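The following explanation is intended to be read alongside the sequence and the coordinates. It treats the helix packing, then the sheet, and then the ionic contacts.

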Amino acid sequence: MEKTFSQWKRQCLNKLDQSRKSSVDEGVEHVVFLLNGCEEYFTTSSCSGRIILIDGVPESCAVHKQNCMWLFVSHQKCKSEDLMSGLVRSTADAVLKFEPFVLHVRCRQLEDAQLVAVRSTHGLEVPLSHKGKLLVDNEYIHFLTKIANQKMEENHRRIQRFYQNLQSALSIEPPEKLQIPDTEISQELQDHPHRLETEKGEEKHEEEKNKTTVYKRRRKRDHHHQADCCHGDGSSSAPELDDCLDLFT
């Protein structure tokens with residue numbers, strides 16, 4: 001039996017958290033709870049943003065971080081000393097990365113997905129060592145720490161803006177069908193009291209004119225038809241071309 005969206009949601013939210021931390025990051029708890037409280041959505045994974053220093057062969061690090069050694073990780077701002085202590089343990093290719101806020105959401109319908117779909121390029125990735133040998137000096141480590149912390153601060157601001165915009169978007173009701181207020185109609189009748197009667201009178205006059213034209217054409221045709229019958233048997237009942245045209249008049 002095919003599972004409904006509600007069943008998928010209930011099953012997913014009841015599962016144990018499979019992340020390294022085994023819990024939702026404090027920085028995005030309010031966003032996750034907001035979405036999971038809506039019938040149209042539920043979250044499958046999230047990260048509030050992090051500064052990480054990983055060590056491993058470039059090919060594996062680019063695809064699967066689990067194949068790399070995590071030298072340092074923080075969901076808050078860090079110090080250059082934190083990075084230096086991690087680099088001491090590097091035996092391969094160490095890379096410093098800043099990864100912004102990530103949120104994976106399942107949606108009931110495509111229209112619901114369009115409401116929460118967001119993309120960002122607010123990241124950082126810099127190689128610092130190769131085969132365990134440091135490629136940069138301490139001054140550059142201090143500089144990168146400052147850049148990474150600035151990105152973390154901006155990331156926190158973006159999370160808050162996203163949360164506020166999401167709250168507003170989820171509370172918007174579909175617009176009602178546009179209707180002209182009765183006051184406008186009343187004002188129109190007050191400003192032009194004879195407009196409606198004039199328009200109806202013109203329509204009635206045009207209708208009477210068409211009827212008169214059809215009547216005259218039929219009278220004229222009947223007169224010729226009677227004259228033609230005097231030279232024939234007068235039994236023909238086949239419709240004339242004008243009769244057919246009258247049907248569409």
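In this predicted model, helices α2 and α6 are roughly parallel to each other, because their axes cross at roughly 20 degrees and angles under 35 degrees fall into that class. Helix α2 spans residues 29-36 and helix α6 spans residues 138-171, and their axes come within 10 Å. The crossing of this pair is left-handed. On the α2 side, the contact is made by H30, V31, L34 and L35. Helix α6 contributes I159, Q160, F162, Y163, L166, Q167 and L170. Sorted by class, the residues in the contact of α2 with α6 comprise eight nonpolar and three polar ones, with no charged residue.

Helix α6 also packs against helix α4, which covers residues 80-87. Here the axes come within 9 Å and cross at roughly 125 degrees. That angle makes α4 oblique to α6, since it falls outside the ranges for roughly parallel, roughly antiparallel and roughly perpendicular. The crossing of α4 and α6 is right-handed, whereas that of α2 and α6 is left-handed. The α4 residues in the contact are S80, L83, M84 and L87, and they meet N138, I141, H142 and T145 of α6. By class, the contact of α4 with α6 holds four nonpolar and four polar residues, and no charged ones.

Attention now turns to the sheet. Strands of a sheet pair through backbone hydrogen bonds, in either a parallel or an antiparallel sense. In this model, four strands form an open sheet in the order β3-β2-β4-β6, and their pairing is antiparallel. The edges are occupied by β3 (69-74) and β6 (124-127), each of which pairs on one side only. From one strand to the next, the twist averages 15 degrees.

What joins edge strand β6 to β4? Strand β4, comprising residues 93-99, pairs with β6 in the antiparallel sense over four bridges. Within this pairing, L96 has V126 of β6 as its bridge partner.

The ionic contacts complete the description. The structure holds seven salt bridges. One of them is formed by E99 and R50, whose closest N and O atoms lie 2.8 Å apart. This pair links distant parts of the chain, the two residues being 49 residues apart. E99 belongs to strand β4, while R50 belongs to strand β2, which runs over residues 50-56. In the strand order of the sheet, β2 and β4 are neighbours.

Conventions
Residues numbered from 1 in each chain as written. Predicted model: local features only at pLDDT ≥ 70, side-chain atom pairs only at ≥ 80, totals over all residues. Heavy atoms only, no water. Pairing = 2+ DSSP bridges. Axes fitted to C-alpha atoms, helices over the stretch in contact; angles between N-to-C directions. Left-handed = near helix turned anticlockwise from the far one by under 90°. Contact = heavy atoms within 4.5 Å. Nonpolar A, V, L, I, M, F, W, Y, C, P; charged D, E, K, R; others polar. Salt bridge = Lys/Arg side-chain N within 4 Å of Asp/Glu carboxyl O. Parallel < 35°, antiparallel > 145°, perpendicular 65-115°, else oblique.
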